[in-house]
Amino acid sequence: MPGPWEVLVIEDDDLDREIVSELLTLRGRGGVRVTEARDLRSGLEALDSRRFDLVMLDTKLPEASALHALRAVGEKAPLTPILPHLAYISVQTRQTARERGAFDAVVRGDLNAMWAAVNKLLTLSTFGGDIRPSARAVGL
């Protein structure tokens, strides 16, 4: 995997943030650099300061609803793919996340599915696939 890929992990739970960061670092085998943000405000500040290849977004942030967080990240970095991780995903939830600009959505704790989605995104990006989030992500 070419890289290094820059991934922003926005997650308020210390343990969950550490698990996601470690997953990306270990499975990325040196090809993924992780920046951590403890809340949406810190994540948006990180997006102001540099470009990321992916944003891993907690959908249970205490200061923002899932839709507000998706909208805020989508407005700040409209060409950066967003991968929300949820406690539970129905088919409808996954579809809504994609319609709102997410690249995909994964269940929190399902590390294999999470890595598969990240790997798919980075592979598509490497080979010139269309990974742009939906234009509907901006201005929702």
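These questions and answers concern a predicted model.

Visitor: Is L121 buried or exposed?
Guide: L121 sits in helix 5, which covers residues 111-126. Its relative accessible area is 1%. Buried means under 20%, so L121 is buried.

Visitor: How far apart in space are L121 and L54, C-alpha to C-alpha?
Guide: In sequence, L121 and L54 are 67 residues apart. In space, their C-alpha to C-alpha distance is 8.4 Å.

Visitor: Which residue forms a salt bridge with E6?
Guide: E6 lies in strand 1 (residues 5-10), and its partner lies in strand 2 (residues 32-37), so the pair ties together parts that are 27 residues apart in sequence. E6 is buried at 12% relative accessible area, whereas the partner is partly exposed at 47%. The closest N and O atoms are 2.9 Å apart, and the partner is R33.

Visitor: Which residues does the network of salt bridges with shared partners join?
Guide: One salt bridge here is between D14 and R38, at 3.0 Å from N to O. This pair links helix 1 (residues 14-27), where D14 lies, to the loop between strand 2 and helix 2, where R38 lies. Salt bridges that share partners join four residues into one network: D14, R17, E36 and R38.

Visitor: What is the N to O distance in the salt bridge of D48 and K76?
Guide: D48 is in helix 2 and K76 in helix 3 (residues 66-76), 28 residues apart. D48 counts as exposed at 54% relative accessibility, while K76 is partly exposed at 35%. Their side chains meet with an N to O distance of 3.1 Å.

Notes: Residues are numbered from 1 along each chain as its sequence is written. This is a predicted model: local features need pLDDT of at least 70, side-chain atom pairs count only at pLDDT 80 or more; totals for chains, interfaces and linings use all residues. Side-chain values use heavy atoms; hydrogens and water are left out. Helices (H or I, at least four residues) and strands (E, at least two) are DSSP runs, numbered from the N terminus. Buried means under 20% relative accessible area, exposed over 50%, partly exposed in between (1.4 Å probe, protein chains only).
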